[in-house]
Amino acid sequence: MKYGVIGTGGIGGFYGAKLARSGQEVHFLLHKDYEYVCGHGLQVDSCNGSFHLDRPHVYRDTHDMPPCDVVLVCLKSINNHLLASLLPPLLHEHTVVVLIQNGIGVEDDVQEMFPGVQLVAGLAFICTAKTEPGHVNHQCYGHINLGNYSCSEKQILDEVVAHFNAAGVKAGLVDYQEARWKKAVWNMPFNGMTVALHTQTDHLLQHPATRELIRQQMMEVIGAAQHLGVKNLDESFADLMLKMTDEMTPYSPSMRLDYDFHRPMEIEYLYARPIEIARQAGFAMPRLEMLMQELRFLNARE
């Protein structure tokens, strides 16, 4: 099976490198560090064991890449307009596209761009970043869940899950809506709050006031999901996410890194879309809506 990776950053670099190291054929699209990786390879420093790919298959243009059976899209969602030109050279009749991206509504919009393409949501639970050219720093966690959005060939999904697990990445198949909203329970509070208060995850939970605010924001997401009919999501999941974050390495989420490096933040799918979906269903998310407006101010100022 041929894998393609669009967006070889902390997420795409880690998962793609793990698959390649396990023996899968993986083709990486690179941008700024293409020349560096051509000459030096791809280094993954991981809490679970570091490794190096000496000669990965790397490209600076998808027109030079082969059609792939599975494409992992790891771009920031603000760059999804680029998929109109990036994705077609990698597609064949049965290609499955896995969108390893944050937020709610991503698959809806990509499906409009590519009506016949099989889409799957990739829900990554991982702390990782590309800290310098050709260098991925994996701090903790790392498992990934796949939620089927429009894939009609379940055997391909089963094979992808098997490949991830064989590569040392815990993976499983989950309900699409449940998975997207469960990921939002963590993403919506922590991404925005680390930016608005210029801090990391551990400091937010160490102070009683911000810990309580984080929990209230989580309960807004859970309330919205329940209002929309999402199953298996209640108050106990908020407690689980708080416990998990207490135990993780102090972390700056992707939105905080984007802000620090003066890049546009993923406000549309992380905040605006789920807040609007909930509003249309009759459920308000006032704390998260306030956070969204603060982020819009910071985004415009940067």
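This section describes selected helices, buried polar residues, loop residues and cysteines of a predicted model.

Helix α11 comprises residues 267-280. Its end C-alpha atoms are 18 Å apart, which agrees with the span of 20 Å expected for 14 residues at 1.5 Å a residue. The helix contains a kink of about 25 degrees at R273, and the proline P274 follows shortly after this position. P274 is itself among the buried residues of α11, together with I267, Y269, L270, Y271, A272, I275 and A278. The elements covering these buried residues include the helices α4 (106-113), α6 (176-196), α8 (208-227), α10 (254-260) and α12 (286-301). Just after α11, G282 adopts a positive phi of about 95 degrees.

Helix α4, one of the elements that cover α11, has a buried set of its own, consisting of V106, E107, V110 and Q111. These residues lie on the same side of α4, because the arc they cover around the axis is only 120 degrees. The cover over them includes α3 (83-86), β7 (96-99), β8, α6 and α11. Helix α11 thus appears in the cover of α4, just as α4 appears in the cover of α11.

Strand β8, which contributes to the cover of α4, spans residues 118-132 and includes Q118. With a relative accessible area of 6%, Q118 is buried. The side chain of this residue takes part in two kinds of interaction. It reaches the backbone nitrogen of S152 at 2.9 Å, and a polar contact at 3.0 Å joins the side chain of Q118 to that of E153. When residues up to four places away in sequence are not counted, Q118 touches H94, T95, V96 and V97 as well as S150, C151, S152 and E153.

A further buried polar side chain belongs to T8, located in the loop between β1 (2-6) and α1 (10-21). The relative accessibility of T8 is 6%, so the residue counts as buried. Its side chain reaches the backbone oxygen of L29 at 2.8 Å. Apart from neighbours within four places in sequence, the contacts of T8 are G13, F28, L29, L30 and K130.

Positive phi values also occur in residues other than glycine, as H198 and N232 show. H198 has a phi of about 50 degrees and occupies the loop between α6 and α7 (201-206). It counts as exposed, at 51% relative accessibility. For N232, phi is near 60 degrees. This residue is placed in the loop between α8 and α9 (235-247), and it is exposed, with a relative accessible area of 59%.

The cysteines were examined for disulfides, and a search of the whole structure finds zero. For C68, the closest cysteine sulfur is that of C74, at 13 Å, which is too far for a bond. C68 is buried, with a relative accessible area of 0%. The sulfur of C127 lies 3.4 Å from its closest cysteine sulfur, in C140, and this distance is also too far for a bond, since a disulfide requires sulfur atoms within 2.5 Å. C127 likewise counts as buried, at 2% relative accessibility.

Definitions and conventions
Residues are numbered from 1 along each chain as its sequence is written. This is a predicted model: local features need pLDDT of at least 70, side-chain atom pairs count only at pLDDT 80 or more; totals for chains, interfaces and linings use all residues. Side-chain values use heavy atoms; hydrogens and water are left out. Helices (H or I, at least four residues) and strands (E, at least two) are DSSP runs, numbered from the N terminus. Buried means under 20% relative accessible area, exposed over 50%, partly exposed in between (1.4 Å probe, protein chains only). A polar contact is a pair of N or O atoms within 3.5 Å; within protein, one must be able to donate a hydrogen and the other to accept it, and residues adjacent in sequence count only if both atoms are side-chain atoms. Contact means heavy atoms within 4.5 Å. The expected span of a helix is 1.5 Å times one less than its number of residues. The bend at a residue is the angle between axes fitted to the seven residues ending there and the seven starting there. The arc is that of the directions from the helix axis to the C-beta atoms.
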